[in-house]
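Here is a short tour to follow in your viewer. Keep the selection panel open and take the stops in order.

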Amino acid sequence: MTPALQVNRLNKYFGGLHATRDVSMTLPRGELHAVIGPNGAGKTTLISQLFGELRPSSGQVLIEGRDVTHRPTHERAGLGMARSFQITTLVRDLTVAENVILALLARQGHAGRFWRRVDRNAGLQADAAGALARIGMPATQLGRRVSDLSHGEQRMLELAIAMVGDPTLILLDEPMAGLGSEESRAMTRFLAQLKGKTTVLLVEHDMEAVFELADRLTVLVRGEVVAVGTPAQIRDDERVRDAYLGEDA
Amino acid sequence: MDTVLFVNQLLNGIQLGLILFLLAAGLSLVFGIMDFINLAHGVFYMLGAYICATVAIASGSFILGFVVALPAVLVLGLATEWLIVRHFYKRDHLDQVLVTFGLVLCADTAVKYLWGPQGLSVPLPAWLGGQVALGGITLPAYRLFIVAVAAVVALALWQVIARTRVGMMVRASASNEEMARALGIETRMIFALVFAIGAVLAGIGGIMVAPITGASIGMGNQIVILALVVIIIGGIGSIFGAFVAAIGVGLIDTLGRAYLPSILGAVFSPSVASSAGPALASILIYLTMTLVLVFRPSGLFPPANR
Amino acid sequence: MTRSIPAEDGAKLTSAPARPRPATDCDLVAAFVILAALAVAPFALAAIGHDFWTDVILRAMILGIAAVSLNFIIGLGGLVSLGHAVFLGIGGYSVGILADLGIDNGPAQLGAALLFSAAFAWLTGMIALRTRGVHFIMITLAFAQMVYFTMMGLRQFGGDDGLTINYSTTFGPLDLGDKDVLYYVVLAVLGAAMLGFARVRRSDFGLLLKAAKGNERRVSAVGFNAYRYRLAAYVAAGTLCGLAGFLDANFTGFVTPSAMSWISSGELIFIVIVGGIASVSGPIAGALVFLLIEEWMGGLTVYWHFWFGLFLIAIILFARNGLVGLLNQRRPR
Amino acid sequence: MKLATAFLATALMATTAHAQEPIRIGFITTLTTPAAAIGNDMVDAVNLAIDHVGGEIAGHPIQVIFEDDGLQPELGRQKAEKLVRQEKVDVVSGFIWSNVLMAARRTVLDSDTFLISTNAGPSDLAGKLCSPDFFSLRGQNDVVPMALGQIMNERGVEKLYVMTPNYSAGTDMAAGVENTFEGEVVGRDFTKWGEDPQLDFSAELAKVGASGADALFAFYPGRAAIFARQFEQSGLADRVKLYTVYTFDQIALPTLQEAGIDVALGSVTVDYWSPDIDTPANVKFVEDFKERYGRLPSNYAAAAYDLIPYLKAAVEQSGGDIKDRDAVREALIRADYESVRGRYSLARNHFPIDNYRSLEIAPDANGAWSMRSDGLELAGLVDPYVDQCGNDS
């Protein structure tokens with residue numbers, strides 16, 4: 001069976017800085033794969049290359065066996081890939097509903113109807129409510145402006161949007177950053193129920209959550225993969241402990 | 001090709017380029033450091049010309065006009081920054097474009113009220129009015145004077161920015177405002193200073209051209225657009241880029257005007273060629289900018305820190 | 001690391017502290033009131049013997065159509081074009097050049113105006129829309145300047161002096177040279193443009209444009225290619241502005257390159273902002289205020305531009321949502 | 001824009017003319033921008049003329065509404081619209097610029113109002129677009145450079161360089177000179193004009209120097225000082241004789257004199273009128289103008305001055321009612337009045353058939369720079385467009 005995501009010897013240079021060094025990884029379908037590493041290890045840079053927002057200097061990215069290395073972001077999204085951002089990337093001066101509907105329209109394939117009123121479209125509004133319900137947000141939130149939401153609510157909304165249309169591969173960049181403990185637990189529960197259904201690549205600093213959720217982990221240090229394995233293997237890996245976990249302990 | 005003519009055209013092109021540089025340098029610094037689009041930059045060009053002209057006509061001395069106009073423009077620049085411009089550093093470009101558009105309207109009308117609609121003609125001292133023979137080629141002395149003054153100003157600006165403490169602070173503010181503040185640099189003062197220096201540079205440009213083209217209302221409004229083109233081509237925030245692009249644009253404009261009609265004349269009738277030539281020279285400048293924007297969006301010489 | 005991701009360039013233009021959106025209700029009410037007032041204005045003005053003002057209002061309506069078209073890209077799309085007036089010129093020269101060649105056939109002139117505007121918008125939009133922020137401002141300016149200088153250099157079509165149109169456009173029995181006919185044709189086009197704007201603003205397409213203005217990364221992350229939609233909006237806006245140019249040429253009876261100068265484009269931006277960006281009634285309100293102030297202040301003092309400039313600065317400083325914004329602020333939402 | 005209404009109901013006629021409808025004249029000229037000096041000269045001349053005729057025409061008080069065109073055709077058209085629709089004037093006059101006149105033309109003529117240009121004379125209005133209701137107070141624009149070309153032949157110019165701005169009047173001027181000039185045209189430059197005019201002519205002047213020309217023809221209206229200053233700086237004055245039209249006029253000369261740009265002296269121009277013409281009407285006009293305004297009038301002022309006696313003669317000769325348009329038109333065509341230039345008649349296109357005199361820039365008796373006739377005169381010149389005009393008379 002072709003893996004959901006395969007990365008072959010990816011490299012990225014920013015001038016003299018070698019931000020991604022020969023990274024290769026393979027995610028079988030349904031795996032929840034975590035990428036961990038100290039600050040500045042190049043985790044976000046890696047995700048941005050996987051999603052097509054940054055162009056790699058060399059290497060290959062394959063989704064379901066298709067080479068998408070040179071495809072733009074919106075085409076990758078069309079292939080069933082979704083992403084949440086480390087820094088919340090919602091349209092702040094639109095409402096919650098409008099943000100969700102944008103993703104719904106994308107799953108329909110186009111937004112070319114210039115005469116149909118979005119705000120009077122019962123079907124779209126209902127679908128938007130459904131998308132919120134999946135992550136446990138009440139439909140009463142639909143009319144609120146995104147800029148009026150709390151940070152935690154924005155993170156949940158970001159996730160709700162990423163889940164619209166049931167992506168086959170989802171890249172989550174620190175979904176728990178800045179969440180309170182209650183919110184973090186809700187997020188963990190939500191991710192846990194995705195396991196086996198959706199392929200997830202999770203970048204996260206919350207080690208408790210990572211080791212609880214991940215099927216396998218990749219450890220990235222200074223742009224380089226230093227270890228890959230199950231949570232148990234990683235916990236016992238000398239190099240990882242030296243390079244990374246040791247610092248935190 | 002006539003060498004005398006060509007050398008003269010070259011000199012004219014370089015002179016236009018240097019005047020453009022004087023405007024573009026300030027525009028580029030203000031844009032690069034404060035992220036502020038200043039359509040009113042040409043106002044200081046005009047004010048420099050008018051103040052110098054007024055003093056020169058009253059006293060009979062162009063040099064005195066020059067010396068008086070510089071501090072006057074500096075003060076006006078500081079006042080503008082303090083009263084209006086500083087409230088717009090954090091606003092979006094659209095607001096900046098509009099507010100400086102409003103400033104241009106106010107300034108042009110104020111000049112009309114103060115000096116009348118006619119414009120002023122600036123007398124030159126005799127020693128600048130003549131011709132200079134250089135190796136068998138006669139060149140207008142005043143053009144050479146402009147080139148010399150502008151080159152000195154350009155060199156001084158470069159030295160100040162590259163070598164002095166003030167220049168270091170300016171560069172620091174440009175690359176990272178918060179960092180600069182953390183280092184104890186008073187960015188508000190630096191901003192005001194940069195804006196005022198930009199105004200003075202534009203003022204020098206206006207003073208230098210006044211004896212050639214006279215001082216007239218709105219004289220800065222078109223050249224400021226050309227200066228914007230220059231900083232886009234050169235790379236926003238880059239003094240060196242502005243210099244190279246300004247000279248390039250000056251040469252394209254002057255040489256294009258001089259030689260395009262005869263080149264076109266090979267294909268078209270003389271009257272079509274001579275009327276289309278100058279238009280084509282202007283189009284070439286905008287075409288250059290478009291090509292730069294398409295192929296090198298951050299300009300030919302983008303500053304390292306952006 | 002995120003800092004180095006592209007597309008931050010335009011961030012300042014678009015994601016700066018959000019301008020609060022005008023409340024729809026007030027905006028739409030204002031739009032209907034203005035259109036109704038415009039419909040009866042010629043009779044009312046004739047009754048009190050001030051028919052000259054009909055001329056001013058007709059001019060404002062044509063500018064209003066151009067401003068509505070600019071509002072599609074500036075208000076919905078967040079793309080500040082400093083070259084939009086070029087389409088006024090393209091529409092106008094389509095009439096002028098055809099009339100000069102002896103073709104006063106309405107459909108032919110209108111077709112040429114729309115076709116050339118659309119084609120120019122499409123060709124230049126393909127290039128310009130790859131840039132953002134100030135680069136977009138400058139590249140639209142550059143394209144407009146190129147056309148401006150081309151028309152300046154074309155002697156056979158009047159060059160700098162412009163082209164006088166000696167014969168008005170006719171559609172069968174409908175003669176646009178008749179000021180009364182032209183008035184209601186322009187009013188109809190303006191009403192249609194405003195209605196269109198009101199619908200598009202609330203549509204799928206409008207949502208996408210607004211989202212791309214607010215956060216382009218988000219739009220591509222969900223799987224949209226914002227470029228395609230922006231290009232569509234840009235072509236639509238250019239074509240509508242070309243139509244305004246077509247009407248303007250019939251109104252004034254001549255076209256000059258100066259209609260395409262960056263000052264004209266700046267005035268269009270000014271009209272949109274003063275009226276209220278992204279609003280339905282803003283462009284026509286702005287155009288009316290612009291011309292009425294010009295007429296009124298111009299009658300008081302030759303130095304009226306000074307006060308006009310101050311007015312502009314005050315609007316930008318204190319009334320960021322324009323006149324329509326003021327209307328809404330009066331009632332708490 | 002400007003509502004500077006000049007009410008000139010004098011006490012003298014208060015008894016007779018009080019009940020009379022005023023004769024309303026709309027006068028469009030340039031009152032802002034650097035060209036305002038020309039417009040003001042014209043306004044002053046019109047006001048002087050109204051005083052000279054006693055403020056009335058056939059017992060009707062004269063009312064003039066001055067409007068500013070701001071140098072923009074669009075504004076000129078708006079002002080014409082306002083004058084005919086709001087002010088309901090009987091005559092629209094003025095017009096310095098051809099493009100403004102062309103823009104206002106349809107508005108005025110469509111509303112059955114007389115259109116009398118005091119300066120602008122575009123070729124279309126002399127030819128295919130001529131109208132029975134349009135009149136001009138001076139010859140068509142192109143006649144002036146054509147006359148200058150002949151003057152240059154008479155003066156023995158062999159190699160000529162031509163420099164004009166790149167707009168229709170500019171290229172028309174160049175074409176006019178080259179049409180009649182019989183020597184060799186060794187070079188030609190059309191410089192950028194309009195909103196962003198090219199004001200630095202060094203490149204072109206360098207070409208003039210290299211071309212070996214013995215004369216330079218220049219047409220830089222409103223830019224005389226800038227052009228002359230650069231001509232001086234180029235050092236060409238010793239080798240190249242300067243010929244101009246519409247450039248070194250009475251508007252520009254005081255400025256040139258003040259700035260001490262001596263190259264203007266001795267340069268040659270040509271016109272149908274100059275302050276030194278010896279008709280009684282002209283002597284009165286020039287003397288009174290000088291006394292009231294402290295300067296010499298320009299040719300723009302002379303034509304604007306003529307408007308009032310011209311109109312007065314036409315209305316009074318046709319029965320005293322300006323609303324009787326056919327009769328007034330007949331009288332206007334006869335042009336039976338004392339113009340400052342002397343008597344003249346109209347061609348079929350209603351442009352005057354004038355004599356053109358070669359004029360040298362020189363100080364007058366009081367030392368003020370002015371124009372002095374040097375004796376050369378070309379009589380009865382008609383423009384080449386009249387054949388295309390469909391007017392009956």
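**Stop 1: chain A and its neighbours**

Select chain A and chain B together. No contact joins these two chains, and the closest C-alpha atoms of chain A and chain B lie 11 Å apart. Keep in mind that this is a predicted model. Now swap chain B for chain D. Chain A and chain D do not touch either. Their nearest C-alpha atoms are 36 Å apart.

**Stop 2: inside chain A**

Hide the other chains. Colour residues 1-80 and 167-249 of chain A as domain 1, following the domain assignment. Give residues 92-166 of chain A another colour, for domain 2. How far apart do the C-alpha centres of domain 1 and domain 2 of chain A lie? They are 26 Å apart. Next, look at where the two domains of chain A meet: 10 residues from domain 1 and 10 residues from domain 2 take part in the contact. On the domain 1 side, pick helix α6 of chain A, residues 181-194. Helix α6 of chain A gives the most to that side, with three residues. Colour the domain 1 side of chain A by class: seven residues are nonpolar, two are polar and one is charged.

**Stop 3: chain A against chain C**

Bring back chain C. Here 37 residues of chain A are in contact with 26 residues of chain C. Select α1 (43-51), α2 (73-78) and α3 (96-108) of chain A; each supplies at least two residues to the side that touches chain C. Which element of chain A gives the most to this side? It is α3(A), with six residues. By class, the side of chain A that touches chain C has 17 nonpolar, 11 polar and nine charged residues.

**Stop 4: chain B against chain C**

Switch from chain A to chain B. This contact takes 38 residues from chain B and 35 residues from chain C. Highlight α4 (93-115), α10 (219-234) and α12 (270-295) of chain B, which each supply at least two residues of the side touching chain C. The most comes from α4(B), with 15 residues. Of the residues on this side of chain B, 25 are nonpolar, seven polar and six charged.

**Stop 5: along chain C**

Finish with chain C alone. An unreviewed UniProt entry annotates several spans of chain C as "transmembrane region", among them 136-154 and 305-327. Select residues 136-154 of chain C: the span is 95% helix and 0% strand, with its end C-alpha atoms 27 Å apart. Then select residues 305-327 of chain C. That span is 87% helix and 0% strand, and its end C-alpha atoms lie 26 Å apart.

Key
Residues are numbered from 1 along each chain as its sequence is written. Chains are lettered from A and ligands numbered from 1 in the order in which they are written. This is a predicted model: local features need pLDDT of at least 70, side-chain atom pairs count only at pLDDT 80 or more; totals for chains, interfaces and linings use all residues. Domain bounds come from an automatic or database domain assignment. Two residues are in contact if their C-beta atoms, placed from the backbone, lie within 7 Å. Helices (H or I, at least four residues) and strands (E, at least two) are DSSP runs, numbered from the N terminus. Ala, Val, Leu, Ile, Met, Phe, Trp, Tyr, Cys and Pro count as nonpolar, Asp, Glu, Lys and Arg as charged, and the others, Gly among them, as polar. UniProt positions are given in the numbering used here, feature names are shortened, and annotations may be inferred rather than shown by experiment.
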